[in-house]
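Biologist: I should like to learn how to read a structure that is new to me. May we take it feature by feature?

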Amino acid sequence: MARAAKKDGVPAVRRPEVRLPELEPFGGGELEPEGDYDGLEFRDLDFAGQEGRGSRFLDCGLYGVALDGTRLGRARLMDCVLEQVRGVGTQLAEASLRDVEVIDARLGGTQLHGSVWERVMVRGGKLDFANLRKAKLTDVVFEGCVLVEPDFAEARLTRVEFRDCVLKGADLTGVTMRDVDLRTVSSLDIARGVDRLRGAVISPGQLLDLAPVFAGAMGVRVEG
């Protein structure tokens, strides 16, 4: 897939192009470790506390699914849509997401450390306290969503756009950024790691808002 460039020279994110086939309803039962799910629709199901570590989801749609404490570490999600999924403490450590759309999700304390994202769209919804430590995000868009205290410590972000988002208390400690677009973030609040913004693009207004944080990071006192 060719990579286009924006008029201002910032490389455009390659967005996912998910075209699901006609899906078959999931037959019921619980998730299984190392399960293989292909072309299935999961709708209004409760997978709370279930074990699906290492499972593969290909061409699947998850709609209104509850994922409280669901264990999906090292799962692989490819060409999938997750719409209005919800859950607290969902375990997705070291998972792989490729060509995935996440729409109006409400997730709290999701464990995504060490996960790999490629061509992922997160649109709407709210993510509280997401653990994205050491994750690798390439061609990812967060659009119109609220992220509260996301932990990006030591993560690698390449061609990531935060579009019309609210970003509260972000931890950017040790993060590596390349072509990260923050210009349309409506509320940009960085708790730690403001010195790691190299490779990001911000707006003039955001620069003014962040000036006290930059000064504090440099040990500069500003007095009237």
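Biologist: Among contacts in the protein chain between residues at least 6 apart in sequence, what percentage join residues at least 24 apart?

Modeller: Please keep in mind that this is a predicted model. The share describes how contacts are spread along the sequence, and here 12% of those contacts join residues at least 24 apart.

Biologist: How many helices and strands are there in the protein chain?

Modeller: The protein chain has one helix and 18 strands. Its radius of gyration is 18 Å, close to the 17 Å that the globule rule gives for 224 residues, so the chain is as compact as a globular protein of that length. The C-alpha trace spans about 65 × 35 × 25 Å along its principal axes.

Biologist: What percentage of the residues count as buried?

Modeller: Of the 224 residues, 49% count as buried. As for the surface, the chain exposes about 11,100 Å², and carbon and sulfur atoms supply 47% of that area.

Biologist: How far apart are the mean positions of the positive and negative charges?

Modeller: The chain has 31 positive and 37 negative charges, and their mean positions are 7 Å apart.

Biologist: Why is there no bond between the sulfur of cysteine 145 and that of cysteine 165?

Modeller: A disulfide requires two cysteine sulfur atoms within 2.5 Å. The closest cysteine sulfur to that of cysteine 145 belongs to cysteine 165 and is 3.6 Å away, which is too far for a bond. The count of disulfides is accordingly zero.

Biologist: Are these two cysteines buried or exposed?

Modeller: Cysteine 145 is buried, with a relative accessible area of 2%. Cysteine 165 also counts as buried, at 0% relative accessibility.

Note on methods: Residues numbered from 1 in each chain as written. Predicted model: local features only at pLDDT ≥ 70, side-chain atom pairs only at ≥ 80, totals over all residues. Heavy atoms only, no water. Helix = DSSP H or I, 4+ residues; strand = E, 2+ residues; numbered from the N terminus. Rg over C-alpha atoms; globule rule 2.2 N^0.38 Å. Buried < 20%, exposed > 50% of the residue type's maximum accessible area, 1.4 Å probe, protein only. Contact = heavy atoms within 4.5 Å. Areas by Shrake-Rupley, 256 points an atom, 1.4 Å probe, with all protein chains shown as cover. Lys, Arg positive; Asp, Glu negative; His and termini not counted. Charge placed at Lys NZ, Arg CZ, Asp CG, Glu CD.
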